[in-house]
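Q: Please take a close look at a single part of this model. I would like its partners, its surroundings and its place in the whole, in one connected answer.

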Amino acid sequence: MTYTAPVKDIAFVLKHVIGLSEIAELEGFEEATPDLVEAILEESARFTGDVLAPLNRTGDLQGSQWKEGEVSTPEGWKDAYKQFVDNGWGSLAFPPAFGGQGLPMTVAAAVQEMWHSANMSFGLCPLLTQGAVDAIEHHASEELQQRYLPKMVEGTWSGTMNLTEPQAGSDLAAVRSTAVPQGDHYLVSGQKIYITYGDHDLTENIIHLVLARLPDAPPGVKGISLFIVPKFLVNDDGSLGERNDVKCVSLEHKLGIHASPTCVMSYGDDGGAKGYLVGKEHHGLVYMFTMMNQARHAVGVEGYGIAERAYQQALAYARDRKQGKTLLGKNEDDQAIINHPDVRRILMTMKSTIAAMRGLGLECASAFDRARRQTDKTVSERMQRRGELLTPLVKGWSTEVGVDLCSLGMQVHGGMGYIEETGAAQYFRDARITPIYEGTTAIQANDLIGRKFARDGGQGMSELISDMRATLGELANLDNADMQAIAERLDAAIEAAEKANSWLLEQSEATPAAATSVEFLMMHGYLAGGWMLARSAQAALELNQAPDADSAWLDARVTLARYYAERMLPLVESASTIITGSAATTVALDPDQL
Amino acid sequence: MKIIVGVKRVLDYNVKARVKADKSGIELANVKMSMNPFDEIAVEEALRIKEAGNADEVIAVSIGPSQSQETIRTALAMGADRGILIETDEQLQPLAIAKLFKHLVEKEEPGLVVLGKQAIDDDSNQTGQMLSAMTGMSQATFASKVEFDGDHLKVTREVDAGLESIKVSLPSIITADLRLNEPRYAKLPNIMKAKKKPLEVIPVADTGVDVSSGLSVVEVNEPPKREAGIIVNSVAELVEKLRNEAKVI
């Protein structure tokens, strides 16, 4: 099954909903004009469709292979990665000082969606490199930056994030890996698990970022430091030196993303891997958190990226497969299953929700771009709050819903969907990791409630709700039945969400909030998605006034938004009821009663 | 040596062409348009010739509406040095296009003009040949391989009978066939640089070229739908039907 990037949909959101031209007016983003961004999207669509997408299925079948400490990627991956680097895709949003193109995160997110739709296992390699580059760029010394960043930005070296250990998963306070000072470097020892692209044959070198403790470190989270540990040591002239004391000891056998090597890494089996401290001692976790938003956002993009691929396959199948007499078919020749109302329901749910998630993902990225480049401090701080508030929604909601949509995509195929050769099952298997890694949904929900909602007394949230109400006011003033219908549902949803917000702020105990936190996250995800689609509908209505408007396409934006308002936004109301009425029962049984 | 390469903005090859309701032509409003695929091959060949050191400059030329600038930008992103758009909202016939190219050939004096063998919209396959006749430049059409040999070119042509090798003198006109090369993807930094490369827009009236045509489109229709086939019971019946019904033998 091929993949055709939805360039028109993405460009529409960027240009008419997010306000790309405003971002292009910010200092440093002057290049990102709508016409240039469209040219980038077009070429990215070609590259991902022609080069990355065809390797998705073979990558799944072959998987990455481990042999005597070295990992090899599936057939064709090296060549595809070389083209990826040669064409400069990895460097899109990186700083020009190190050879990057310096484009906004918003544009990067739009392009990265295509990587993950085309081939999520492939997209993970540059995604991890991005995280490592961010950490080094923001926290490492100038010397370390000069030594590592140019090649990483270019993509000839990749990066990894080594956090997890067998006893330290979601709780990083339990990290046990050690780092002992030794002259100008440290000797790092310990075992790390779940290291994505921890070893592979795509790049000349791999730069591991590793969390470890110094001998005198205080216990818990305040005693963790961050180190650069390269696979091959880098000489002063930039050439590669000897092999460092780090190796991949095995690959995990996983449900999906088979081509993405998930490594068990062993550091210091022969005395200690040479590592270089990033920033200050004991500050490792703080550094990790500053880049966490970006990494979590990127995984949220995976969530809707893979759902888009599942949608394209389900749509193609629904148009082709004939089964039974349909209610919506116009004549005998028009009897594909797409004309069964329930298949329409699935496709509408997929298409509208993907548009909502994409809108929110790009809105969140654009908030970070504005926060970074806005000169007005009040606006900049407001945008930073917005970006941080939306991040757990993009990550938690888009990945949970992404899995559900991939499951719906299988459903369209009936029994065929359950058969591996059809290909629909792969998206479902691949998507299933996204609500788990980079912080599970529960972790995102805690982040949303604790750090993003309650900590500032709900300020960021009230700003968001007040922006939603502003949209609502605009919709209500439009003399248009669709807009009125959307406004009515959005209004009810906002009210329900506010009820849950107040209830949560009133809780003096932590347990009721924790017991309903995931519901709270999903509620705000569905609501924010509905807001994005309401804005899309508004923009589409306005564009439709032009004499040469693409009416059928724009009308569809409005109908999709209305469908979502009618069919998805009520979930906000039910979530609100659940949040305010189920916390006590959720934890009422003792463990031995379960 | 300069190379002029022609790039035409056409209905994207993935889009199903639909006849306009008034049958005056194909519906082009709000559909995806891209560079003619044979022209992509032409651009790629021009760039390879330049990269091999046999040319100094590649000029991408389009003739069409203002939006054709996007097509030229695509060629610039692939690596062409500058662009020229001769702007017109008229649907010009190959003869007028050839005349306009002749105008540019006189102005720019290229050593080589590389065109696609035909455009996928009207499949005329005439411009290169006409341009050769008008300018006196040699022509090597349907090229599947181009090699430099001093001040000559050795060109392999795809003809009905197979492959034909010819040698032509420069300046010359090449029209690209499908197997000449595989066009590159534009690199991200080059897409960004393309925006800053010079792109000259010349209104067609300023060229002084007579682009009037003796042809007019009367009506455009969908091709007739294919009818279902039949299964014959014997060879004899097949021959009988071919002879008497299809009248092909």
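A: Start with a term. Two strands pair if DSSP finds at least two bridges between them. The model is predicted. The part chosen here is strand 6 of chain B, residues 112–116.

Take strand 1 of chain B as the opening partner. Strand 1 and strand 6 of chain B pair over 3 bridges, in the parallel sense. Within this pairing, Val114(B) of strand 6 has Val5(B) standing opposite.

Strand 10 of chain B is another partner. This strand covers residues 172–176 and is joined to strand 6 of chain B by 5 bridges. Here too the two strands run parallel. Two residue pairs can be named. Val113(B) has Ile173(B) of strand 10 of chain B as its bridge partner. Gly116(B) is matched with Ala176(B) of strand 10 of chain B. As background, strands of a sheet pair through backbone hydrogen bonds, either parallel or antiparallel.

Next, the side chains. In a regular strand the side chains alternate between the two faces of the sheet. In strand 6 of chain B, Leu112(B), Val114(B) and Gly116(B) point one way. Val113(B) and Leu115(B) point the other way. Buried or exposed: which applies to these residues of strand 6 of chain B? All are buried. A residue counts as buried if 20 or more other C-beta atoms lie within 10 Å of its own. In strand 6 of chain B, 5 of the 5 residues are buried, so the strand is largely enclosed by the rest of the structure. Across chain B, 37% of the 249 residues count as buried.

Now widen the view to the sheet. It is an open sheet of 9 strands in chain B, with the order 9-8-7-10-6-1-4-5-11. Strand 6 of chain B stands between strand 10 and strand 1 in that order. The pairing in the sheet as a whole is mixed. Its edges are strand 9 (162–169) and strand 11 (199–203) of chain B, and each pairs on one side only. On average, neighbouring strands are turned by 30° against each other, direction ignored.

Two helices of chain B that touch strand 6 pack on this sheet. One is helix 3 of chain B, residues 94–108. Helix 3 touches strand 1 (2–6), strand 4 (57–64), strand 5 (82–87) and strand 6 of chain B. The direction of helix 3 makes about 160° with that of strand 1 of chain B. The other is helix 4 of chain B, residues 127–135. Helix 4 touches strand 6, strand 7 (138–149) and strand 10 of chain B. Its direction makes about 80° with that of strand 7 of chain B.

Follow the chain on from strand 10. Arg184(B) sits in the loop between strand 10 and helix 5 (188–194) of chain B. This residue is partly exposed, because 17 other C-beta atoms lie within 10 Å. Apart from neighbours within four places in sequence, Arg184(B) is in contact with Glu44(B) and Met78(B). Val201(B) is 17 residues from Arg184(B) along the chain, and their C-alpha atoms are separated by 26 Å.

Chain B as a whole frames all this. It has 6 helices and 11 strands. Its C-alpha atoms fill a box of roughly 65 × 45 × 40 Å along the principal axes. Among contacts in chain B with a separation of 6 or more, 69% come from residues 24 or more positions apart.

Chain B also meets chain A. The contact takes 16 residues from chain A and 12 residues from chain B. On the chain A side, helix 3 (residues 34–52) gives the most, with 6 residues. That side of chain A divides into 7 nonpolar, 3 polar and 6 charged residues.

A last step goes into chain A. Its domain assignment gives domain 1 (7–144), domain 2 (157–283) and domain 3 (345–584). The C-alpha centres of domain 1 and domain 3 of chain A lie 24 Å apart. Each of these two domains puts 21 residues into their contact. Helix 10 (residues 377–412) and helix 14 (residues 459–476) of chain A pack at about 95°, with axes 9 Å apart. These two helices of chain A are therefore roughly perpendicular to each other.

Definitions and conventions: Residues are numbered from 1 along each chain as its sequence is written. Chains are lettered from A and ligands numbered from 1 in the order in which they are written. This is a predicted model: local features need pLDDT of at least 70, side-chain atom pairs count only at pLDDT 80 or more; totals for chains, interfaces and linings use all residues. Axes are lines fitted to C-alpha atoms, for helices over the stretch in contact, and angles run from 0 to 180 degrees between N-to-C directions. Helices (H or I, at least four residues) and strands (E, at least two) are DSSP runs, numbered from the N terminus. Angles under 35 degrees count as roughly parallel, over 145 as roughly antiparallel, 65 to 115 as roughly perpendicular and the rest as oblique. Two residues are in contact if their C-beta atoms, placed from the backbone, lie within 7 Å. Ala, Val, Leu, Ile, Met, Phe, Trp, Tyr, Cys and Pro count as nonpolar, Asp, Glu, Lys and Arg as charged, and the others, Gly among them, as polar. Domain bounds come from an automatic or database domain assignment. A residue is buried if 20 or more other C-beta atoms lie within 10 Å of its own, exposed if 12 or fewer, and partly exposed in between; C-beta atoms are placed from the backbone.
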